[in-house]
Amino acid sequence: MADRSLRGIRLGASSLQSEEGVVFHERANHTYVCTQCGRETVMTFAADAELPEAWECRTCGAEAVLRVGDSVVEVDHSGDKAPRTHWDMLLERRTVPELEELLKERLSLLRARRGAADDSRLSA
């Protein structure tokens, strides 16, 4: 009985919905040109969508720039921030002399523990 309950259609084989009465939005194709390899990528967007100036190249992963007519769009990278490293974030909280003092404290604590561990091994 359980074998018969799943008969009829294959799961995922076809959609049960129809496209009857569906109105598709207008679309437009736009070309992006890679700055590294020169490959052109055609992307389809909605006709009234705001287009990104840059896109990732599918081939090499570099930046591809939107082409309008015969020229490409100039992308402004002046607002891009350089990623902060762990060292940069650490220097926001502590000064270098404070870090050196903390390092000395931690090293002396570790050396004291190591000395205590070495002493316990010798006595056993």
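1. A definition to begin with: helices and strands here are DSSP runs, at least four residues long for a helix and at least two for a strand, numbered from the N terminus. With that in hand, valine 75 can be placed in the loop between S5 and H1. Please keep in mind throughout that this is a predicted model.

2. Here is the overall plan. The protein chain holds 5 strands and 2 helices, and their order from the N terminus is β-β-β-β-β-α-α. The chain has 124 residues, of which 11% count as buried.

3. A good place to start looking is the pairing of S1 with S2. Strand S2 covers residues 40–46 and runs antiparallel to S1, with 7 bridges between the two. To find one of these contacts, look for asparagine 29, whose bridge partner in S2 is threonine 44. The hairpin made by S1 and S2 has 5 residues between the strands, and glycine 38 in this hairpin has a positive phi near 80°.

4. S1 also has a partner further along the chain. Strand S1 (residues 27–34) pairs with strand S4 (residues 63–68), again in the antiparallel sense, over 4 bridges. Two residue pairs help you to follow the match: valine 33 faces valine 65 in S4, and tyrosine 32 has leucine 66 of S4 as its bridge partner.

5. Which strand, at residues 54–56, pairs with S4 over 3 bridges? That is strand S3, which is antiparallel to S4. Tryptophan 55 stands opposite alanine 64 in S4. Between S3 and S4 the hairpin has 6 residues, and glycine 61 takes a positive phi near 85° there.

6. S4 then turns into S5. These two strands run antiparallel and are joined by 2 bridges, and valine 68 sits opposite serine 71 in S5. Their hairpin leaves 2 residues between the strands, with glycine 69 in the turn at a positive phi of about 70°. For a reader tracing the sheet, then, S4 pairs with S1, with S3 and with S5.

7. Now for a residue within S4 itself. Glutamate 63 lies in this strand. Is glutamate 63 buried, exposed or partly exposed? Its relative accessible area is 29%, so glutamate 63 is partly exposed, because that class lies between the 20% limit for buried and the 50% limit for exposed. Glutamate 63 and glutamine 36 are 27 residues apart along the chain, while their C-alpha atoms are separated by 7.6 Å.

8. Let us return to valine 75 in the loop between S5 and H1. Why does valine 75 count as buried? Its relative accessibility is 18%, and buried means under 20%, so valine 75 falls in that class. From valine 75 to proline 52 the C-alpha distance is 9.8 Å, although 23 residues separate them in sequence.

9. The loop that holds valine 75 also holds a residue of another kind. Aspartate 80 is placed between strand S5 (71–72) and helix H1 (86–93). With a relative accessible area of 53%, aspartate 80 is exposed, because exposed means over 50%. Valine 75, by contrast, counts as buried.

10. One last feature is worth finding on the surface. Which residues form a negative patch there? They are Glu53, Glu74, Asp76 and Asp80. Asp80 is the exposed aspartate of the previous point, so you already have one residue from which to find the others.

Technical notes
Residues numbered from 1 in each chain as written. Predicted model: local features only at pLDDT ≥ 70, side-chain atom pairs only at ≥ 80, totals over all residues. Heavy atoms only, no water. Patch = residues over 30% accessible without salt bridge, like charges linked within 9 Å, V, L, I, M, F, W, Y side chains within 5 Å. Areas by Shrake-Rupley, 256 points an atom, 1.4 Å probe, with all protein chains shown as cover. Salt bridge = Lys/Arg side-chain N within 4 Å of Asp/Glu carboxyl O. Lys, Arg positive; Asp, Glu negative; His and termini not counted. Charge placed at Lys NZ, Arg CZ, Asp CG, Glu CD. Buried < 20%, exposed > 50% of the residue type's maximum accessible area, 1.4 Å probe, protein only. Pairing = 2+ DSSP bridges.
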